[in-house]
Amino acid sequence: MQPLSRRRWLCRSGAGFGTIGMLGALQSTGQLHASEQDGPGAIGPILHHPARAKRVIFLFMNGAPSHVDTFDPKPALAKHEGEAPPDDVSGRNRAGGFMPSPFKFAKHGQSGVEMSELFPHLAKHADDLCVIRSMHTDVPNHEPGLLLMQSGHQQPTRPSMGSWLSYGLGTENQNLPSFVAISPGLPVVGPQLWSSAFLPGRHQGMEVDTNHTEIEKLIANIHNPMFDRPTQRRGLDLLSRINEMHRETRADDAALETSIRSMELAFQMQSVASEAFDIGRETQSTREAYGDSVFGRSCLLGRRLLERGVRVVQVFYVTKSGKQPWDTHSNNNKSHQSLCADSDRASAALLSDLKQRGLLEDTLVIWGGEFGRTPYSQVDKSKDMSKAGRDHHNTGFSMWMAGGGIQGGMMYGKTDELGMHAIENRVHVHDLHATVLHQMGIDHRKLTYRYSGRDYRLTDVHGKVVHDILA
């Protein structure tokens, strides 16, 4: 290819300044077809069946809550208190005896959903909740457990669920990302939990640190200190045209495509992000309902993003210095009191807020961790039971879902009398993912991406939709 002369370059550039606006118009009207790299969501959702949910928010309790202290009462533990767990349990060398929960359980709502006294606010939403008591996963270790829950695979470099949904459905707002990861600290494993991996980079989750409330700290460089918007627009148009010329000789350059789209989105966000990310615009009563904690602010921000067209919001319960606050190897009872108080208030406020705004019906809310905690104690060398914790537990634990076409007022599945193993209507993580995609209008078996010679999907070769919990 001969190098462009200055005159030819100016002619081509001038003719192309209007193409970006035209491309956007064509995409919005469906006249421009998505490329294979863009994915089906590039021009809007391509659904396999009618969707019951339009958006998802996953409240993720990093470190894993204890099911027997929250949503799965096990009175039989009191009868076997102090007895050693069976020989086949993982980590038995660290195990103490069976340890009953000190927290009282009660039935709530017309449906009689049971939960512990640690959730007084959430109890008011009992008839909205589907508590799955028969969750199980493959391993009791944080890193593979987190990866499996977020990406459907125990090892890194697989796309996260949010990225898969973004790839399949796109966004309802071209001025905001389709997938936002609210993480006020770095979880175990880190950004891989919201990675797009081999999917096009535009589907990567945008990370937001809610330790801050100022927009300039929430989103770096949101305001340009030197140029106004018209000047930035002209510069971006020129840069976009140069990139288009560069791309003509480099077909299917995913990194270049990601860079082009990222610059355009960053510019568009300048006009809307200052409003969308500013929870200070909420009323005082709304902010008080969520609570002035990092998690409370994260949930409130999540609601603001959902109602503005963000497809997936992932809220990680981490802190600036704590990667997994719910990992209660010691002081389990005391820790769960404070952790549940914070999570209960914000989670319940989110449900109330979504319902009041008419959004809960088509918003899927998920709450849970990477696995559960043992029904037996974990003690240190001092054997001080007042400081006893609970170890990791993957063979039976609880999560809950609400909204988005999920049947409320339901307790689904169960563990054995001691809370050791899921024994009835067992739900694997792959089944959870299949059900989430189903509610969003996607057949998990059909949402695939060819990479390195094979077709990949979120559920790999597993997963079945849990039809019993659908409304």
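In this predicted model, a polar atom of the side chain of R304 lies 3.1 Å from the backbone oxygen of A276. The residue that supplies this side chain, R304, is situated in helix α10, which spans residues 294-306. R304 counts as buried, because its relative accessibility is 2%, and the cut-off for a buried residue is under 20%. Beyond its neighbours within four places in sequence, R304 is in contact with A276 and also with E275, D278, I279, R281 and E282. A276 therefore appears both among the contacts of R304 and as the residue whose backbone oxygen lies 3.1 Å from a polar atom of the R304 side chain, R304 itself being buried at 2% relative accessibility.

A second region of interest is strand β5, formed by residues 129-136. Eight of its eight residues are buried, so strand β5 is largely enclosed by the rest of the structure. Pairing was found between β5 and three strands, namely β13, β14 and β17.

With strand β13 (residues 397-402), β5 pairs in the antiparallel sense, and five bridges connect the two. Within this pairing, V131 has W400 of β13 as its bridge partner. The pairing of β5 with strand β14 (residues 410-412) is parallel and comprises three bridges; here, Y412 of β14 stands opposite I132. Strand β17 (residues 427-428) also runs parallel to β5, to which it is joined by two bridges. In this case the bridge partner of M135 is V427 in β17.

How values were computed:
Residues are numbered from 1 along each chain as its sequence is written. This is a predicted model: local features need pLDDT of at least 70, side-chain atom pairs count only at pLDDT 80 or more; totals for chains, interfaces and linings use all residues. Side-chain values use heavy atoms; hydrogens and water are left out. Helices (H or I, at least four residues) and strands (E, at least two) are DSSP runs, numbered from the N terminus. Buried means under 20% relative accessible area, exposed over 50%, partly exposed in between (1.4 Å probe, protein chains only). A polar contact is a pair of N or O atoms within 3.5 Å; within protein, one must be able to donate a hydrogen and the other to accept it, and residues adjacent in sequence count only if both atoms are side-chain atoms. Contact means heavy atoms within 4.5 Å. Two strands pair if DSSP finds at least two bridges between them.
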